[in-house]
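Here is a briefing on one protein chain. Look over the sequence and the model before reading on.

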Amino acid sequence: MRGNVLEKISDDISKELGVPFKASFSSRGSGGGSGASVGTITDSAGSGHKFFCKSGDAADFDMLRAEYLGLKEMYETRTIRVPRPICTGLVGNQSYAVFEYLAMGVSRGAESAREMGRGLAKMHLCHSKTGKFGFHIDNTIGATPQPNGWMDSWPEFWDERRLGHMLRLCEQQGAKYPQAKELREKVKAVLSEADVKPSLVHGDLWTGNAGYTADGEGCIFDPATYYGHSEVDLAMSELFGSLPGGFYAGYHEVIPQQPGHEQRKVIYNMYHMLNHYVLFGGGYWGSAVTMMNKVMNMA
């Protein structure tokens, strides 16, 4: 990382901390599914402060800024633990976003998982001020662009900003579902049966984006934040493995499980399976087709 970028990061962190800070960067390669470089920022003056940093070129600035703003929205709820966002910026052709460094550990036991579930549910009780679905900035789901323009209707939002968007990306890569139009109508019909409030959601909550800090506190990170149906986070947490049973028990202490959630889980996870095809190709299309067929056969 170039010296002028570190100087700007030093100034940003100094303003945030209220004390002098001289940034030194240590790279850990790429990570987070976005292609950005990741590493740690420490104070070469020896204060002991340490931060997590993502960086990229100028083309990555919007993605990094969106992650920063998403985590800021989540952090300010003071519900579930997320990395505190510190700063983001663009210097020349290099972009960056700096976050609190969370030393990771293991669960203290069932109560840690239960408390993490309660924390997520409390975040989901934070609703958009306008009553609309979306977010004030587009972001990414992995490295795939994710549009978040505000809409009044949840079924319409999911159809246009999520399912329809992803089906169009798949078609650009040569994969077309022959009943796409009927599928989209079916999904809207199923989603219209639920009473959905625009909850603040993580948006990409697979098991790899959740963990425990060194003191055993549950935390989530690497979001694709927006205001949508709270069930999207629960659904994805069961797509590739699942979180501990205590997590779901704690969650439903705060937000009870709603009728029809199993059908909606297939719909919400179908979006992520389609995205995996867009990102990685291969057998993910077959898995997505299986899910789409299942939706088409829903009563």
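The points below cover the nonpolar cores, the helices, the ring pairs and a few single residues.

This is a predicted model. The largest nonpolar core has 73 residues, and helix α8 gives the most to this core, with nine residues. The structure also holds 13 aromatic pairs.

**Nonpolar cores**

- Trp154, Trp158 and Leu274 have the most contacts inside the largest core, which counts 73 residues.
- Helix α8 is the top contributor to this core, giving nine residues.
- This core draws on two domains: at least three residues come from each of domain 1 (3–100) and domain 2 (110–297).
- A second, separate core has 14 residues, including Ile9, Phe21, Cys53 and Val91.
- Leu274 touches Leu163, Met166, Leu167, Cys170, Trp285, Ala288 and Met292, leaving aside residues up to four places away in sequence.

**Helix α8**

- Helix α8 covers residues 261–280.
- Its 20 residues should span 28 Å at 1.5 Å a residue, and the end C-alpha atoms are 28 Å apart, so the model agrees with expectation.
- Helix α8 is mostly covered, with 14 of its 20 residues buried.
- Gly281 comes just after α8 and takes a positive phi of about 70°.

**Helix α1**

- Helix α1 runs over residues 3–17, which makes 15 residues.
- From first C-alpha to last, α1 reaches 21 Å, close to the 21 Å expected at 1.5 Å a residue.
- The buried residues of α1 are Val5, Leu6, Ile9, Ser10, Asp12, Ile13 and Ser14.
- An α-helix has 3.6 residues a turn, so residues three or four places apart point the same way.
- Gly18 follows α1, and its phi is positive, near 80°.

**Aromatic pairs**

- The structure holds 13 aromatic pairs.
- Trp158 and Tyr268 form one pair: the ring centres are 4.9 Å apart and the planes stand at 70°, so the pair is edge-to-face, as over 60 degrees is required.
- This pair links distant parts of the chain, since Trp158 is in helix α4 (residues 154–172) and Tyr268 in helix α8, 110 residues apart.
- Trp158 has 2% relative accessibility, so Trp158 counts as buried.
- Tyr268 is buried too, at a relative accessible area of 1%.
- Phe247 and Tyr248 have ring centres 5.0 Å apart and planes at 90°, so this pair is edge-to-face.
- Both Phe247 and Tyr248 are buried.
- Ring pairs join Phe133, Trp154, Phe157, Trp158, Tyr226, Tyr268 and Tyr271 into a cluster.

**Charges over rings**

- The charged end of Arg162 sits over the ring of Tyr226, at 4.2 Å from its centre.
- Tyr226 is also part of the ring cluster with Trp158 and Tyr268.
- Lys50 lies over the face of Tyr101, 4.2 Å from the ring centre.

**Glu231**

- Glu231 is found in helix α6 (residues 231–236).
- Is this acidic residue, Glu231, buried or exposed? Its relative accessible area is 10%, under the 20% cut-off, so Glu231 is buried.
- Glu231 touches Gln258, His261, Arg264 and Tyr268, not counting residues up to four places away in sequence.
- Tyr268, one of these contacts, also pairs with Trp158.

Technical notes. Residues are numbered from 1 along each chain as its sequence is written. This is a predicted model: local features need pLDDT of at least 70, side-chain atom pairs count only at pLDDT 80 or more; totals for chains, interfaces and linings use all residues. Side-chain values use heavy atoms; hydrogens and water are left out. Helices (H or I, at least four residues) and strands (E, at least two) are DSSP runs, numbered from the N terminus. The expected span of a helix is 1.5 Å times one less than its number of residues. Buried means under 20% relative accessible area, exposed over 50%, partly exposed in between (1.4 Å probe, protein chains only). A nonpolar core is a set of buried Ala, Val, Leu, Ile, Met, Phe, Trp, Tyr and Cys residues joined through side-chain atoms within 4.5 Å. Domain bounds come from an automatic or database domain assignment. Contact means heavy atoms within 4.5 Å. Rings of Phe, Tyr and Trp (its six-membered ring) pair if their centres lie within 6.5 Å; planes under 30 degrees apart count as stacked, over 60 as edge-to-face and the rest as tilted. A charge sits over a ring if NZ of Lys or CZ of Arg is within 6 Å of the ring centre and within 35 degrees of the ring normal.
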